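I opened this entry to record what I looked up about the helices and how they pack. My notes follow in the order that made sense to me at the bench.

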2 protein chains.
Amino acid sequence: MATTQTKPAKRADAQRNIAAILDAGVHCLSQNPDASVGEIAQAAGVGRVTLYGHFPSRAALVDAVLARAIEEGNAVLEAVDLSGDPRKALTRLIESSWQLVNRSRSLLAAAQSTVPPARIRSLHAGPMERVEHLIERGQAEGVFRTDLPTTWLVSTLQFVMHGAAEEINAGRIDPDDAGGFISGTALAAFTPPGRRVPKT
Amino acid sequence: MATTQTKPAKRADAQRNIAAILDAGVHCLSQNPDASVGEIAQAAGVGRVTLYGHFPSRAALVDAVLARAIEEGNAVLEAVDLSGDPRKALTRLIESSWQLVNRSRSLLAAAQSTVPPARIRSLHAGPMERVEHLIERGQAEGVFRTDLPTTWLVSTLQFVMHGAAEEINAGRIDPDDAGGFISGTALAAFTPPGRRVPKT
DNA sequence: AGTAACTCGTACACCGGTGTTCGACAAGTT
DNA sequence: AACTTGTCGAACACCGGTGTACGAGTTACT
């Protein structure tokens, strides 16, 4: 027994490489969801075998990459002020969120074909919860509709953000416009029937 | 000269098989976008070789399947009455559309990885145009917002429908609810800022 | 009935990706 | 300096999918 020596402590060298692989992973998979292990290893400036030394399979790699990306995104989102008028707060949240979504769009596609859906959802739990609470507060204050389930409203916001990302990627809308389009659409969509849609 | 004999007229037998392959194609690809040629052939009750006799490559097959599915959907949509109050008309159109979208969702995913994007868009031109005209009419009559581009509104509708399909497929919402959710969301999203969101 | 069109199964070559093994070598830890 | 831990490249077996070739057997047209 003595000191719980379960951790032989990875060598500094190895840690650097793991980080490089993760970086390369998010980079490659963000451009092509079907990027091969070889490509990623090469982009990381590392041998393919070395990569397998750290990640037992492609699936494990994708999982790790996704997890890190979401964790980072979650950290960014924590900085957003969600107090005050829920509509204003939502706008702020969207402004920060949609770019994250845009970047990791292709990565998510990669994950969907390798990582089990349950795992993906659990990874998304953090960010998800944040939006959900905000929307619930807005509903309680009467500025967001209650005739549709909260979860549907959350989903709707996701659809629109993901869709906007695709439109940008296809060159059909200007990235600078996206934020305004998304919040304009979401704010209107969340307005309770019978009430006026807020201006801009 | 004489009778334009460019068509040796396929044998009846062959036509039946082609139809069976197309049917099996839409069926298989709707469940798994990565369905192999072998699977499809088997589902059609046909040898793999026979399939290759009619479609030179997997890509050509997917293209044909998608084209037929869209053409059929388009025919269904033509029956929808788009006159009268644009909001009511939109509700009707959604009611007919979203189920089509739901069915061919996975098929579209299949196409996206094999058929060039330009081709996909041109296939979608028909249905797309229909929604677009309706929205434009609504904008002209002042019941739909004009502060966002028409194309964005069209896209938004698509996002929400596709998203709803995913939610159903994941078992998170009841198929019977979907139609109401989608039109409720879209109608609110299309309402001009400063005006009241229509009830139900 | 005769002929052309079509189908079928098996078998094959090919490709690209995955995951593993090996032995030589460098880099870090103590 | 000694030793453990990683790294590297090449080579390999394996898998599943695509597309082709062949030859024998059926099915539809006229």
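I began with the packing of helix α6 (residues 117–140) of chain A against helix α7 (residues 150–169) of chain A, and I found an angle of about 120° with the axes 10 Å apart. I keep in mind throughout that this is a predicted model. Angles from 115 to 145 degrees fall outside the perpendicular and antiparallel ranges, and α6(A) and α7(A) are therefore oblique to each other. I noted the crossing of α6(A) past α7(A) as right-handed.

I then listed which residues make this contact. From α6(A) I wrote down A:M128, A:V131, A:E132, A:I135, A:E136 and A:Q139, which meet A:T150, A:L153, A:V154 and A:L157 of α7(A). Sorted by class, the contact of α6(A) with α7(A) holds six nonpolar, two polar and two charged residues. The spacing of such lists made me recall that an α-helix has 3.6 residues a turn, so residues three or four places apart point the same way.

**Chain A as a whole**

I stepped back to see where these helices sit in the chain. Chain A has eight helices and zero strands, and from the N terminus on its elements run α-α-α-α-α-α-α-α. For the overall extent I noted that the C-alpha trace of chain A spans about 65 × 50 × 25 Å along its principal axes.

**Helix α5 of chain A**

Which helix spans only 32 Å between its end C-alpha atoms, where a straight helix of 27 residues would span 39 Å? I found that this is helix α5 (residues 86–112) of chain A. When I followed the axis of α5(A), I came to a kink of about 50°, centred on A:S104.

I next looked at the partners of α5(A), starting with α7(A). The axes of α5(A) and α7(A) come within 9 Å and cross at roughly 60°, which makes α5(A) oblique to α7(A). I recorded this crossing, too, as right-handed. In α5(A) the residues A:S97, A:W98, A:V101, A:N102 and A:R105 meet A:M161, A:H162, A:A164, A:A165 and A:I168 in α7(A). By class I counted six nonpolar, three polar and one charged residues in the contact of α5(A) with α7(A).

The second partner I looked up was helix α8 (residues 175–190) of chain A, which packs against α5(A) at an angle of about 140° with the axes 9 Å apart. α5(A) and α8(A) are therefore oblique to each other, and α5(A) passes α8(A) in a right-handed crossing. On the α5(A) side I listed A:R87, A:L90, A:T91, A:I94, A:E95 and A:W98, and on the α8(A) side A:A178, A:G179, A:I182, A:S183, A:A186 and A:L187. The contact of α5(A) with α8(A) has seven nonpolar, three polar and two charged residues. I marked A:W98 in my copy, since A:W98 is listed in the contact with α7(A) and also in the contact with α8(A).

**Between the chains**

Last, I turned to the interface, where 27 residues of chain B are in contact with 27 residues of chain A. On the side of chain B that touches chain A, α7 (150–169) and α8 (175–190) of chain B each supply at least two residues, and α7(B) gives the most, with eight residues. By class, I noted 12 nonpolar, nine polar and six charged residues on that side of chain B.

Definitions and conventions
Residues numbered from 1 in each chain as written. Chains lettered and ligands numbered in written order. Predicted model: local features only at pLDDT ≥ 70, side-chain atom pairs only at ≥ 80, totals over all residues. Helix = DSSP H or I, 4+ residues; strand = E, 2+ residues; numbered from the N terminus. Expected span 1.5 Å × (residues − 1). Bend = angle between axes of the 7 residues up to and from the residue. Axes fitted to C-alpha atoms, helices over the stretch in contact; angles between N-to-C directions. Parallel < 35°, antiparallel > 145°, perpendicular 65-115°, else oblique. Left-handed = near helix turned anticlockwise from the far one by under 90°. Contact = placed C-beta atoms within 7 Å. Nonpolar A, V, L, I, M, F, W, Y, C, P; charged D, E, K, R; others polar.
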